[in-house]
Each structure stands twice: as C-alpha cells, then as structure tokens.
Amino acid sequence: MENEAHSLLSRNRGLELKSFRLCLNWVFLDQSSLWRVGLSWSVFFVLTIGVPIISHFLLLCSDCDKQHQRPYDAVVQLSLSTFAAISFISLSSWSRKYGIRKFLFLDKLCDVSDKVRQRYAQELQKSVKLLCLFVLPCFAAESAYRIWWYATGASQIPYFGNIYISDIIACTLQLSSWLYRTAIFILACIFYQLTCHLQILRLEDFAQVFQKETEVGSILAEHLTIRRNLRIISHRFRLFILSSLVFVTASQFIALLMTIRTSTTVNIYEAGELALCSISLVTGLFICLRSATKITHRAQAITSLAAKWHATVNTLDDADHGENPTAQIVSSQMFPAGMDWESETEEEDGEDDLDNKKLVPIFAHTISFQKREALVTYLEHSRAGITVYGFMVDRTGIRTIFGIELALLLWLLKKTIPNLA
C-alpha cells in the first residue's frame, strides 16, 4: 500500500514538473540543447530589448492629441526590461547549474514525511494557476489599452505600408513583449515562493518532534538540515531579491517624481500604463518578501516552541519531584494538550503547530533537563531564516519596506485614476 502511494505521488510530481517545463518553454527558458539556448536568447533580445526600443522611438506619438501621447513610456519600458533581464539571467543561471528538480528541492523529498510530500505536490500544482492569476488580469488591461490606443488614434500613429497591417503587427509585438517581460518576472518570484514553501512545510512537520519522545540528536540533525537549506535558498536568491528591491523602489521614485511635476497633467490615458507597470512590479516584490518573511517567522517560532516544551516539563518535574511511572497521566491532568491560555473568542491569524498557545503533551521518559536546556540554548543562539547578504528578512523590515512601496504606489494611483478626463 505504501509503495502504491509513493508511486502515485511520483507520477503526480512528474505531471507537475511537466507543467513547469511547459511554462519554461512558453517563456522560451528551456536551454537543454544548443539550439534551444540560441532560441531562448534570441527571443529575449527581441522582446526585451528590440521591440521596446523600436516602439519607443517610432511610436512615441509626440504630435498626437493628449490622450494618445505617452510621456511615461521610457520609464515603463526601462522598468519592465530591467526586471525581465534580471529574471531571465537568474532563471537561466539556476536552470543551467541545478536543473528544475534540484532547484525546487524535489530531490530532497525522499527525506521528508508523506504529509510534506503531498502538500508540496499540491503547492506545485497551485503555482501554475497562481502565475496565471497574477499575469492574465494585468495582460487583459494592457490589451484593452493597446487596442483602444491603436483603434482611436490610427490616423495619428505612425505606420508603414498598409495602416491596418502595420498597426496589427505593432500591437501584437508590443503585447507579446509586455506579456513576456511581466510573466518572466512573476515566474521567478513564484519559483522563490515554492522553494520557501517546502521549508515552511518541513518546519511545521519538525514542530511535531516536541509532541513525542525524541532524542536530542535527531532533533539537532533535522534542524541543521533545515538551516542548511535556508542558507542555500538565501545564497541562490540574494542577488535577485536585492536587485528587485532596489530597482522596484527606484522605479517607483522615478514615477513619483515625474507625475508630481507642476508642468505635467496626469490622467488615465497617459499614465495608465505606468500604474499598471507599478502594480505588476510591486506584486512580484511582495510575493518574494512575503515568502521570505513567512519562513523566517516560522523558523524563529521553533525557539519559542522548544522553550514552552522545556518549561512545561520543568513544571511537571517540580510537581512530581522525580520520575513517576504515571507522569504522562499526571501531565495530561495538569497540562491538557488542548489547554489554551487565550480566550476562545479571540481571533487567530494563521495559527499552526509553530504558532499556537497550547501546551505540548509530556511523556514519562522525556529528555533530561541538561539536554533540554542545551537544546533551547542552541536554538536561541542559532536563529534560522532567510538572509540577504547577512541581513535577516523578518517582519520588522518587511513592514517598513512594504509601507514605503505601498505609499509610492498609492500616490501614483491617486494621481492617475481620479483624472479620467
């Protein structure tokens, strides 16, 4: 029965990997052979560099009416191309060095429980839907804007040869370029979210060791494995995270400075594409920072869980004054597993095995005081989590960063959306 379940899970992971490979093929990131490498880089240069430059200089439409002018096109094209370049180079490097299985830690799933494997398989399946959920609505809005721009300003927009064929080709190339650049950035962010999510699942499964009889050696070995994986993730993604944070903030500041100029009239027609670009970039950055903060919070919650377990055992030892064969029965009466120090009516935000206020069950033959004390001390001085060049990405930092990015985005939307005329 167990072999059948493992075989079924392996087939499911194979299907999910096939979906990911289809995504990589869709954005031309499959570099498994020499001709695919050439195709991948050719598409990258055409859609990320060639099309934006040509469309900016040939279709700027500076002589058009107010609704068809594009004063912020340079900022939009430069921002999207910059993030597409960062994402493409990062994904190409990761794919070439590790391969998709090793990069997503699928080769390490044999060391985890069936529950973690099943939940990670579900997360892999949801990630493709998540990519479509983030990309398609923005692409629909961009398509509507582009179609309206060409349909209403056909007589003003420069064209070559037949006006209809020229506009259709130009519109298709611009939409393809926008979709490619946005999708490749969001895909890199989702890859980061996936790698973090596996470690979150492992941490939640690791929390179960404090609810059963376990040796200190096995606890330390599992914790060291998780810490090593977190260091690997931090090392692989640190340049991508830092670059994304710096360039998103810079693009938001530039957009803000351009929209608050006294000589500039901001409306949805001129700055709508700029607002759409900002939403896409801030969304991708939010995916990365939220994943990093979540895994850091889960990793640091292990320390409080171990301290709670240690304190509960000490309280029982003081009450019994030594070992007692009925210690487990006494502990269940004094410290029931369902006991909660908080009111039943209080709302909980994402409570799990790492973040709960329930006392853990106590067993008769638990670890000695010295070993428990050493374990808690080790966890207190070995704070695990996601780092970016040595700086821990935790909730305090993420609140500051998110507040700045959100303030800039909301200011831009405030300047753009109300001025429909």
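A residue counts as buried when its relative accessible area is under 20%. The close-ups below come from a predicted model.

**Figure 1. Arg 117 and Asp 114 form a salt bridge within helix α5.** The two side chains meet at 2.0 Å, N to O. Arg 117 has 9% relative accessibility, so Arg 117 is buried. Asp 114 is partly exposed, at 40%. The partners sit three residues apart in the helix, which means a separation of about one helical turn. A further pair, Lys 126 and Glu 123, bridges at 3.6 Å between the closest N and O atoms. Lys 126 and Glu 123 are also three residues apart in α5, about one helical turn. Glu 123 is buried, with 13% relative accessibility.

**Figure 2. A salt bridge joins helices α6 and α7.** Arg 202 pairs with Glu 222, and their closest N and O atoms are 3.1 Å apart. This pair links distant parts of the chain: Arg 202 belongs to α6 and Glu 222 to α7, 20 residues apart. Arg 202 is buried at 6% relative accessibility. Glu 222 is partly exposed, with a relative accessible area of 23%. Elsewhere, salt bridges connect Arg 119, Glu 204 and Arg 298 in a network. The structure holds eight salt bridges.

**Figure 3. Phe 44 and Phe 88 form a stacked pair.** The count of aromatic pairs comes to 17. In this one, the ring centres lie 4.4 Å apart and the planes meet at 10°, so the rings are stacked. Phe 44 is in helix α2 (residues 34-58) and Phe 88 in helix α3 (residues 73-97), so placed that 44 residues separate them and distant parts of the chain are linked. Phe 44 is buried at 5% relative accessibility. Phe 88 is buried at 0%.

**Figure 4. Tyr 192 and Phe 237 pair edge-to-face.** Their ring centres are 4.6 Å apart, with planes at 65°, so the pair counts as edge-to-face. The contact links distant parts of the chain, from Tyr 192 in helix α6 (residues 163-206) to Phe 237 in helix α7, 45 residues apart. Both residues are buried. Tyr 192 and Phe 237 also belong to a cluster linked by ring pairs. Among its other members are Phe 83, Trp 94, Tyr 98 and Phe 103. Phe 185, Phe 191, Phe 240 and Phe 247 are included too.

**Figure 5. Nonpolar side chains form a patch on the surface.** Its residues are Trp 41, Phe 45, Ile 49, Ile 53, Ile 54, Phe 57, Leu 58, Ile 89 and Phe 160. Together they have about 920 Å² of accessible area. Helix α2 gives the most to the patch, with seven residues. Phe 160 lies in the loop between α5 (114-152) and α6. Phe 160 counts as exposed, at 59% relative accessibility.

**Figure 6. Positive charges gather in a surface patch.** The patch is made of Lys 102, Lys 108, Arg 228 and Arg 231. Arg 231 lies in helix α7, which spans residues 216-259.

**Figure 7. Ser 368 and Val 216 are 9.7 Å apart in space, C-alpha to C-alpha.** In sequence, 152 residues separate Ser 368 and Val 216. Ser 368 sits in the loop between α9 (327-334) and α10 (369-381). Ser 368 is partly exposed, with a relative accessible area of 34%.

**Figure 8. The chain has 11 helices and two strands.** From the N terminus, the elements run α-α-α-α-α-α-α-α-α-α-β-β-α. Buried residues make up 46% of the 421 residues.

Note on methods: Residues are numbered from 1 along each chain as its sequence is written. This is a predicted model: local features need pLDDT of at least 70, side-chain atom pairs count only at pLDDT 80 or more; totals for chains, interfaces and linings use all residues. Side-chain values use heavy atoms; hydrogens and water are left out. Patches are made of residues with over 30% relative accessible area and no salt bridge: like charges are joined within 9 Å, nonpolar side chains (Val, Leu, Ile, Met, Phe, Trp, Tyr) within 5 Å. Accessible areas come from the Shrake-Rupley method with a 1.4 Å probe; for residues, only the protein chains shown count as cover. A salt bridge is a side-chain nitrogen of Lys or Arg within 4 Å of a carboxyl oxygen of Asp or Glu. Lys and Arg count as positive and Asp and Glu as negative; His and the chain ends are not counted. The place of a charge is taken as NZ of Lys, CZ of Arg, CG of Asp or CD of Glu. Helices (H or I, at least four residues) and strands (E, at least two) are DSSP runs, numbered from the N terminus. Rings of Phe, Tyr and Trp (its six-membered ring) pair if their centres lie within 6.5 Å; planes under 30 degrees apart count as stacked, over 60 as edge-to-face and the rest as tilted. Buried means under 20% relative accessible area, exposed over 50%, partly exposed in between (1.4 Å probe, protein chains only).
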